[in-house]
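Ready for a few warm-up exercises? Have a look at the sequence and the model, try each task, then read the solution below it.

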Amino acid sequence: MTSVVPCPTFRDPAGSLSFEDDRVVRTIRASGRDSLLEFLASHLCLRLQQRGDLIGTTIDDSSGQLRLFHPRIPVITYPWEWTPSQWLQAAELTLTLCDEALSEGWILKDATPLNILFIGSRPIFVDVLSFERRDPASSVWLAYGQYMRTFLLPLLMNRLLGWPLTLTLFHRDGYEPVELYTALSWPQRLSRAAFWPITLATWLEKRKRPDAPAAQTSSRTKDPELVTHILRSSFANLRKRTRRAMPKDAASNWSEYKNTLTHYTAEQSAQKLAWMKQVLADLRPERVLDIGANTGEYSAVAAASAEVVALERDAASAERLVCMARARNLNIQTIHADLARPTPPAGWENRESTSLLARLEGQSDLVMMLAVIHHLLLMEQIPLESIIALCHKLTRRSLVIEWVPVGDPMYQSLMRKREDLYGYLTDADLLAACEGLFHLVRRRTLGNGRVLMLFEKVDG
């Protein structure tokens, strides 16, 4: 199936990217041909691909123009939809590839989170054109500054000032130290975390005269072992600083939801879990989209037999979900985003990165919305008919909804005295909204009044 994808990339002078059905096609310009073929034939490339750290590649040179074919990753995500742990995973993969490439004469010519995608809970490097032969006499990693701007500084500002990582949507090449310096207090500027990458860098930049020539500092040596040692020390230092930039563990009302909920007895929770397991066993979906996944309890259940995309808007909950999936090696791809305010298209002509909904549309056999619809109704004021219409676009086959009745404590706490608008809604209104789009297959009413419903899509 062909899905909506970004426009062909055009920024890399060595090649361009386009999409054909279920594969990615990279067309290589003459300037990048020889180096790329050498890398693709190297033991390093083969090892990274076998390990799953580098995207697989098939070469086609039959037409006289070199083309590479890569497998399509079903749902791509962008750095502004990642949690801090995903940023750290992507950063550490970048540094690991650099470090490993050194001994075989290669290095990465750029260092940006945009070179990384996620398959389940694992990051994978997807830009084979980023590898180039390194100068054995140079101890400078040319992508060092880019790594600082795009990896380290966003994480650091998230920790120090709580700047959401979603803001990187508007900073494609990261943050400049000078612009961050003004946002920090003096204690923060002089802190161990910020002094070297932000404060010192800003002071040195301000001392420069506009007409001053570039500093001529030698970074070349005839000792290749010393060069390798300097570069490896640089990577190790960046890894250490990136880990220190990670925000401290933060909790939220929703990340603690499972531990604090009072509207489910143990028996009712067991009933809900058993019902969902039976639905998954009967449907046997290959791909599941869990909307409002919280910390991933039901994503984990689905991941026992399916590829799962878990969508969660609460930052702390999404972070815990990522850590859980990684610790248990579950096939769960976490997206930190809000269905009511989904990630928009961005980049040149709004076509370099596509919207979240375009990337999710028609990618899942089953969409789960467990205790989500009342949030969209009451907090976002999204009409019920619009919610169901979106579900029809997102799922290929099935939809599970947990309907929360008006009398439920959570419904009452969110209604905020707007009974005249929302106090009349029942599951009959849900069924009416589904007419012509879904038909009800089975339902189960729990002891707390909540209703679990399985729908099948009606193709129009």
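In β4, the bridge partner of D60 is R67. Keep in mind as you work that this is a predicted model.

**Exercise 1.** Work out the order of the strands in the open sheet, and find which strands stand at the edges.

*Solution.* Start by lining up the 4 strands: they come in the order β1-β2-β4-β3, and the pairing is antiparallel. Next, look at the two ends. β1 (15-20) and β3 (58-60) each have a single partner strand, so one side of each is left without a neighbour in the sheet. To finish, follow the twist, which averages 25 degrees from one strand to the next.

**Exercise 2.** Find how many bridges join β3 to β4, and which helix lies across β2, β3 and β4.

*Solution.* Take the strand pair to begin with: β3 and β4 (residues 67-71) run antiparallel and are joined by 3 bridges. The D60–R67 pair links a residue to its bridge partner in β4. Now turn to the helix. That's α1 (residues 30-40), lying across β2 (23-28), β3 and β4, and running at about 120 degrees to β2.

**Exercise 3.** Track down the residues with the most contacts inside the largest nonpolar core, and the helix that gives the most to it.

*Solution.* The largest nonpolar core has 65 residues, and F131, W141 and I198 have the most contacts inside it. As for helices, α3 (residues 84-102) gives the most to this core, with 10 residues. Then zoom in on F131: leaving aside its neighbours within four places in sequence, its contacts include S35, F39, L97 and W106. Last, look elsewhere: another core lies apart from this one, with 40 residues, including L360, I373, L376 and F438.

Methods: Residues are numbered from 1 along each chain as its sequence is written. This is a predicted model: local features need pLDDT of at least 70, side-chain atom pairs count only at pLDDT 80 or more; totals for chains, interfaces and linings use all residues. Side-chain values use heavy atoms; hydrogens and water are left out. Two strands pair if DSSP finds at least two bridges between them. Helices (H or I, at least four residues) and strands (E, at least two) are DSSP runs, numbered from the N terminus. Axes are lines fitted to C-alpha atoms, for helices over the stretch in contact, and angles run from 0 to 180 degrees between N-to-C directions. Contact means heavy atoms within 4.5 Å. A nonpolar core is a set of buried Ala, Val, Leu, Ile, Met, Phe, Trp, Tyr and Cys residues joined through side-chain atoms within 4.5 Å. Buried means under 20% relative accessible area, exposed over 50%, partly exposed in between (1.4 Å probe, protein chains only).
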